[in-house]
Amino acid sequence: MDSNTALPVKLGPYVNRVTGDTLWLLPSNAAGLAVQFLGIWLTLALPRIWVTVITLYRQGTSARGQHAESVLDPGEYALERFWDAGLPRNRLPTEALPRRDRRMALKDFGIASASALIFVLVIVLGTLANLLSGDSTALIASPTCGYYGIIKDGPRPAKFLSLNRNSRRQGAVGSYARDCYDGRGNTLEGCNLFTKQSLPYGAEDDIPCPFGGDMCVTGAETGAIKFSTPPLPAEYLGLNLGASLEFERTTTCAPLVRNSSFLSHAKPPNQDTSGSWNYDYGPANVVGSNYSFVYPSRNHIVIDGFYSVSVVSERGSSLEPIEALRQRPDSIVTLVFIDNSRTGYLDEGFDPVFYAHDQIQTPDPANKETYWLSYVHWVDLAPRVLACAEAFNMRSQHGAKEWSNSEAPPEQSTSSERDEWTLVHSVLLKSTIYESSWMRSGTALNASSQLMLDFGRLSLSLPEDQWKAEARQMFEASLANAQFEARRIGLGTDATDPAFGKMNEHDSICDYLFMINAPGYTNVYLAPWLAIFLLSTVIIIVTFPVGSRDHRKLVFEFLPESLLKILRQCAVVSVDSAASCLRWISRSTVALGTMCWKTVLAVWDWIGKSITKLMT
């Protein structure tokens, strides 16, 4: 599967327009160092807050005549205040706690406080790492970024180069959808390409046929299946647009009938001659007037366990569907022709697309000897047809907020908003079964995974609704193709083809628009990081000691006396409140402990008396 490890990304600060956060993308090691540095810087600042509060408290109480300024240093004085305020000294009624030396108690309390402070700092550092470190979302920084289209009157694209490129793209899309969609592959490395692993969707089973008349094998009123996404913001496509653009995708599929009204033979079918089937569902330029399938004579069919899949569409191959298929003017009709005439099955199958009912004798592909397999059933030679009606709609939060699938952006849009609308529209045009499957042939089918290529090129039995699993797989691939298309535009992979040129009005969209998941990189939340850094820096600066040893003052002490008076009052109130709170906690703790101890003694005494009574 593909990988993002070597892709160019934009390092440094940027705005995530999805979340509104200002982020700072760094290599993961550098991001860890940035957070650790901030933790160390904050650790240096926190003790200075303690020194500042105690200094202001000492000055405030000294001004009120409560304590001489030079009696104790701020830390010792604060510890003594807390000791006097709250610690239980000889307060049990039974005199259980002996009086201890005050200095020894202060040292014990200081050690305990230092240990608690270290513990709190460890928690703070861990919390900082969790709060400041984000995910690995990154903006693509490709110099060739842009939406490319075929240049009018320019050189024609190299046919085989284009086919090879499309084949590789569709193969990657199919593998990703198979391994990573619908909750699969959450731990696989190849499933972390995008900011959203998959696009969420729901399924409705047994709904009416999306086409007119009696076009569906399953009937007009039931049997079809519909897949649809809820309204999704453009961020699900890997675009840094937030909720300014929304889109939704729907696909409704059902097997088509193949009666004489739609299926004809170019030659009368004969077991010893080849022939062809013609499908009258509407002309497609890619195959001539009507879709035609040529098959070999029955005696020359090779059992190679091979499925053949051909896809034609209104947009991709200029299919002009008949009126019965054009029931929804806003949808794109896609026909998937599935040929399983070269595959045998171990049991009879009744799936309308993978129907197998004819039991015949098959040659042994290994030694050319004839042998019989019971319950090997063959389909007739005309491929089955799975038809899908696909549609998408977009809605902009700028100006008119109506759903539309038009390529033209809303009239009130600015030039950058027009670029964004055109880009999302072009991405969704690639979100079709044709664009994601027309070159994959049999690999587009889940049924291919049931082939036993080492045992006579046969297939395990398939369920009766196998076609629904295939429709689901193709729909998932079409959603994944939209994600890959946005990533491809962000990288500008078509820039090397001289037949293609940029179609976007402004290159500025490449500065902020295309997001991917970038393993090895980590986002740091810039605003809180800067806020903590600046606050810690200010604290360290204003509490820095200046002056001689005998007349040393902290920087903040040079503030106007009126402001210092307010700060001293705040410090006195804060410390006294903390002392009162600690006094209440200590008294409550002692009272609760005493009560619990008395309760335990009473229960133990009752148990002892009960045992003694029983023994006597």
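Helix H7 covers residues 466-491 of this predicted model. At 1.5 Å a residue its 26 residues should span 38 Å, and the end C-alpha atoms are 37 Å apart, so the two values agree. Of these 26 residues, 24 are buried, and H7 is thus mostly covered. After the helix comes glycine 492, which has a positive phi, near 65°.

Within H7, glutamate 485 and arginine 488 form a salt bridge in which the closest N and O atoms are 2.4 Å apart. The two residues are three apart in the helix, so about one helical turn separates them. An α-helix has 3.6 residues a turn, and therefore residues three or four places apart point the same way. Both glutamate 485 and arginine 488 are buried.

A further salt bridge connects H7 to another part of the chain. Lysine 468 pairs with aspartate 206, with 3.7 Å between the closest N and O atoms. Lysine 468 belongs to helix H7 and aspartate 206 to strand S5, and the two are 262 residues apart. Their surroundings can be compared through relative accessible area: lysine 468 has 14% and is buried, whereas aspartate 206 has 45% and is partly exposed. The whole structure holds 12 salt bridges. Another of them joins the side chains of arginine 178 and aspartate 179, at 3.7 Å from N to O. Arginine 178, at 39% relative accessibility, counts as partly exposed, and aspartate 179 is also partly exposed, at 24%.

Aromatic contacts also reach H7. The model contains 18 aromatic pairs. In one of them, tyrosine 201 and phenylalanine 227 have ring centres 6.2 Å apart and planes at 75°, so the pair is edge-to-face. Tyrosine 201 is located in the loop between helix H4 (159-180) and strand S5 (202-207), and phenylalanine 227 in strand S6 (residues 224-228), so the contact ties together parts that are 26 residues apart in sequence. Phenylalanine 227 also pairs with phenylalanine 475; here the centres are 5.4 Å apart and the planes at 20°, so the arrangement is stacked. Because phenylalanine 227 lies in strand S6 and phenylalanine 475 in helix H7, this pair ties together parts 248 residues apart in sequence. Tyrosine 201 and phenylalanine 227 are both buried, and phenylalanine 475 is buried as well.

Elsewhere, ring pairs link Trp24, Phe37, Trp41, Trp529 and Phe533 into a cluster. Helix H8 comprises residues 526-542. Its 17 residues reach 24 Å from the first C-alpha to the last, close to the 24 Å expected at 1.5 Å a residue. Among the buried residues of H8 are Leu526, Trp529 and Ile540.

Charged groups also meet aromatic rings. The charged end of lysine 196 is positioned over the ring of tyrosine 236, 5.2 Å from the ring centre. Lysine 553 similarly lies over the face of phenylalanine 558, at 6.0 Å from the centre of that ring.

The last feature is on the surface. Val603, Trp604, Trp606, Ile607, Ile611 and Met615 make up a nonpolar patch there, and together they have about 730 Å² of accessible area. Methionine 615 is part of helix H9 (residues 561-615). Its relative accessibility is 71%, so methionine 615 counts as exposed.

Technical notes. Residues numbered from 1 in each chain as written. Predicted model: local features only at pLDDT ≥ 70, side-chain atom pairs only at ≥ 80, totals over all residues. Heavy atoms only, no water. Helix = DSSP H or I, 4+ residues; strand = E, 2+ residues; numbered from the N terminus. Expected span 1.5 Å × (residues − 1). Buried < 20%, exposed > 50% of the residue type's maximum accessible area, 1.4 Å probe, protein only. Phe/Tyr/Trp six-rings, centres within 6.5 Å; stacked < 30°, edge-to-face > 60°. Lys NZ or Arg CZ within 6 Å of the ring centre and 35° of its normal. Patch = residues over 30% accessible without salt bridge, like charges linked within 9 Å, V, L, I, M, F, W, Y side chains within 5 Å. Areas by Shrake-Rupley, 256 points an atom, 1.4 Å probe, with all protein chains shown as cover. Salt bridge = Lys/Arg side-chain N within 4 Å of Asp/Glu carboxyl O.
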